[in-house]
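Reader: I should like a close look at one part of this model, namely its strand pairing, with the criteria stated as they arise. Please then place that part beside the other elements of the fold.

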Amino acid sequence: MHHILIVEDEKIVATDIRYMLKKIDMTSTDIAKSANDAFEKIEAKRPDLILMDINLSGDIDGVHAAGIIQKKYRIPVMYLTAYADEKTVERAKHTEPVGYLLKPFNEIELKTNIEIALYKQKINEKLKKQELWLSSTLTKIGTGIIKTDEKSAIILMNNVAERFAGTTLENAEGKLISEIFAFLDIKKQQILPRSLLEEKPSNVFLQNSAGWSFPVALTLQKIEDESESGYVYFLQDLSEKLGAEKKIRSTEQLLKRTFESLQDAILIMDHSFTIIDSNTAAQNLFGISKIRLPYKRVQDLFKDNPGSLKIFSEVLSHKAFLRRHEIALYDRKNELFFAEITVAPLVDENGENTGWVCAVTDIRERKIYESMLKEAKEDAESANRAKSEFLTNMSHELRTPLNSIIGMTELTLETQLTRDQREYLEIVRQSSLSFLQLLNTILDFSKIETGKIELEQTDFDLRKTIHDTIDVMKVQAIKKGISMSHEIGNDVPNGVNGDPLRLQQILVNLIGNAIKFTDEGYVRCSIDVQKKDNETVTLVFSVEDTGIGIPADKTSIIFESFKQVDGSTTRKYGGTGLGLAISKRLVELMGGAIWVESRKRRGSRFVFTAEFFMCDQSQFEKDEDSLNARKEILPMELSVLVAEDDPSTQKMIRQALENRGSTVVCAQDGRTVLELLLRTPFDILLLDTEIPVIDGYEIAREIRSMREKPAVSKMPIIAITTNARKEDLEKCLKTGMNGHIPKPVQINELVNMIKSLIKTENDRSQVGEFYPVQAEFGQVKGKSVFCERKELLASLQAMGRAITEKDFFMLEKESESLLHYAREHKMDSLADEAFRMKLAARKITMKRAREIMVRLKKAAVIS
Ligand code: ADP
């Protein structure tokens, strides 16, 4: 049932129409008297058709109202006209009415007109939908579509074609297609005529009026029907497709070339292990021909080689990889050879196993080399064993007669002999002893070479072992006029479990070298704990000298057997070049490491670590050593001025004297010493003869000449000298000093000397006032704030100097003492920077050292 709205201002006419409609079974009707009334009724209930009085009275007449309805509601309107002027009729046309009904009309006319109108409306709607669908399809299709008339003038272009043209339909409409597009032959780049294009779809180059061109697939269709004729061009962009195809082709070619150029034979197989492809190397190796593929199962290559076949079966059953597996295969000449094969499954994009790829490497040559190498190695090893055994046997054999020679010589020396005879025999004894030592070294070396050296594991008195070794070595040092000292850390256990003789051997070798390569100065040993628990203890041993040093590029080779810094070493100092190699091996057997820090002409420091088992300490008496039982005590509290620029010596003296209740002030250079003495008298002066600015001898002379200040001029002066020679002492005494202590300073020796110089309380009171030092520098007992800062400053200055002179050895030493100092005084940031500086010095990185220096200075101020 259709709903109809009658818009009529004359009530009688409207009612009449309604009546007629009822008669023709159209009962659903509404009447509107004016345009606005009509709009309201349309909003309330959408009618299917509106019968509109063309001459409607009111502000909005029928035509105007129909126009609004058409635009806003798209409801069909049929005009009711009795009389209408031409102008109104003309206006009415533009509102696209579905018909005109001329008043008066009867029911039949009304019915027919309404039915036609509704039918027309239905058709219109359908057409509109189709049109919409067509235009959206044309827009979305992705193919460029151009329609032209018979003369090739453009009628229509979809958005894709507009993009190809580089212009809009609006601009192109009516223009000839040749003005917008040229279609060129892909190879020859010549313009193709339409007649050619019509023949069949083809790939061409499209060039547009904007000048750019790209490949398209073109289909040209002629339309010829009763209603119209012309052409339709369908264009599909090929640039992406062609680009992708090209890429695939080049990848394929690359793969192919790689496949063919591989040295390994490659076999591609399907799941049943039938070879479906192979590369040239495979064809050459197995004598298979590519032309006849597929032709062989891979098993055929193994012939009657069941072992190899088994491997393949395994791969097959586990669908697994087989990596670099050695198997025997037959080659084209039917010769069995060794190959290394790798088999991997081939999978498609769904992860399905489609076959296998197998790479075969012919390793027969490698096998020959391997067996030759093995033979050569075995030969070399057996020759080496024979050599070492010969050495061991020979050394053993030689030792027996040599011992007799030494023994007999010693016995003969005890008999009555002339002076000459004694002298000659003494030479024989000495030479025999050296010979014996040499034999022992060779014996050790050969034992190491054959891996026969084994460490003993026994509880032993560690401190005693160290003291005994050092005592023996000291004799050699004294003979050479160089001083020797040692320090054992308090936490070093008295007894440990390990090999005492081998430990002694390492120490003797290192200390022996230190003495051998040092002409003046000192040798200093120290032993400290690196780490300790209930089970084990790792000790760090250090042997430092002031000798000839080792150039940086030689510091690692000297640990190799028969290696010396240079050939002349043997001539001048003797030696075999085996000592360090043996020591290194022994240290390694003790679970440690050995290394050296050295600078040419500045001395060396050999360090090694060794691990020992802890043992019951009660079996070893506490060796109180120089520090405790034999600790020399000062009879009174003294004020001591220490004139010493070496921070570690300075620190050691300060510590020792402060521990004995004295007050210590340190000065870094000669000028400061004199300045301090002019301001403050001290009980005693410890004076380094080589102190910078004004040397020790000069200072001593100066002091002794200050007659107007007897407290100063008469004060005891102890020289601290680098050398222990007699002439050094004489020189010191000559300048008015009272005694001399060689470096490294032995505390007991120093304390004894101080005691001998300051005898009694009475003597002391004669010297004068004693406590201005405390008053002036605000000292806390045993600790001077002033001198600590001064010491710090001096240390920083020394580091600065070391950087300027690029003296990394010195820099490291200075950083080390500063680090101790900072840790001791809980100056954490300073300690951190000092540690970094130590590392920088060790790694010899100047830039970093300079950066750290800046930070160190800051940290020192803050601390
Ligand atoms: P040897 O001393 O018998 O030649 P070593 O293996 O003990 O054999 O030492 C190897 C070389 O290392 C020495 O020849 C010497 O050149 C160098 N060397 C070892 N210790 C020192 C040292 N303290 N100072 C300088 N050079 C040293």
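Author: Five strands form an open sheet in the order E2-E1-E3-E4-E5, and their pairing is parallel. Two strands count as paired if DSSP finds at least two bridges between them; strands (E, at least two residues) and helices (H or I, at least four) are DSSP runs, numbered from the N terminus. The edges of this sheet are strand E2 (29–32) and strand E5 (99–102), each of which pairs on one side only. On average, neighbouring strands here are turned by 20° against each other, direction ignored. Axes are lines fitted to C-alpha atoms, for helices over the stretch in contact, and angles run from 0 to 180 degrees between N-to-C directions. Within the sheet, strand E1 (residues 4–7) pairs with E2 in the parallel sense over 4 bridges, and Ile 6 stands opposite Ile 31 in E2.

The model is a predicted one, in which local features need pLDDT of at least 70 and side-chain atom pairs count only at pLDDT 80 or more, while totals for chains, interfaces and linings use all residues. Residues are numbered from 1 along each chain as its sequence is written, and side-chain values use heavy atoms, with hydrogens and water left out.

Strands of a sheet pair through backbone hydrogen bonds, either parallel or antiparallel. The antiparallel arrangement appears in an open sheet of 5 strands with the order E13-E12-E16-E15-E14. Its edge strands, each paired on one side only, are strand E13 (275–278) and strand E14 (322–330). The average turn between neighbouring strands of this sheet is 30°, direction ignored. Strand E12 (residues 265–270) and strand E16 (residues 353–362) are joined in the antiparallel sense by 6 bridges; the bridge partner of Ala 265 in E16 is Val 360.

Strand E9 (residues 202–208) runs antiparallel to strand E8 (residues 181–185), and 5 bridges join them. E9 also pairs in the antiparallel sense with strand E10 (residues 213–224), over 6 bridges. Gln 207 takes part in both pairings: this residue of E9 is the bridge partner of Ala 182, and Gln 207 stands opposite Ser 213 in E10. E9 and E10 form a hairpin with 4 residues between them, and Gly 211 in the turn has a positive phi of about 100°.

Turning to the helices, helix H14 (residues 364–413) packs against helix H15 (residues 419–449) at an angle of about 155°, with the axes 8 Å apart. H14 and H15 are therefore roughly antiparallel to each other, given that angles under 35 degrees count as roughly parallel, over 145 as roughly antiparallel, 65 to 115 as roughly perpendicular and the rest as oblique. The crossing of H14 and H15 is left-handed, a term used if the near helix is turned anticlockwise from the far one by less than a right angle, with right-handed used if clockwise. Helix H16 (residues 462–480) and helix H17 (residues 500–516) pack at about 25°, with their axes 10 Å apart, which makes H16 roughly parallel to H17. H16 passes H17 in a right-handed crossing.

Finally, the cysteines: with a disulfide defined as a pair of cysteine sulfur atoms within 2.5 Å, the count comes to 0 disulfides. Cys 615 counts as buried at 14% relative accessibility, and Cys 732 is buried at 0%; buried means under 20% relative accessible area, exposed over 50% and partly exposed in between (1.4 Å probe, protein chains only).
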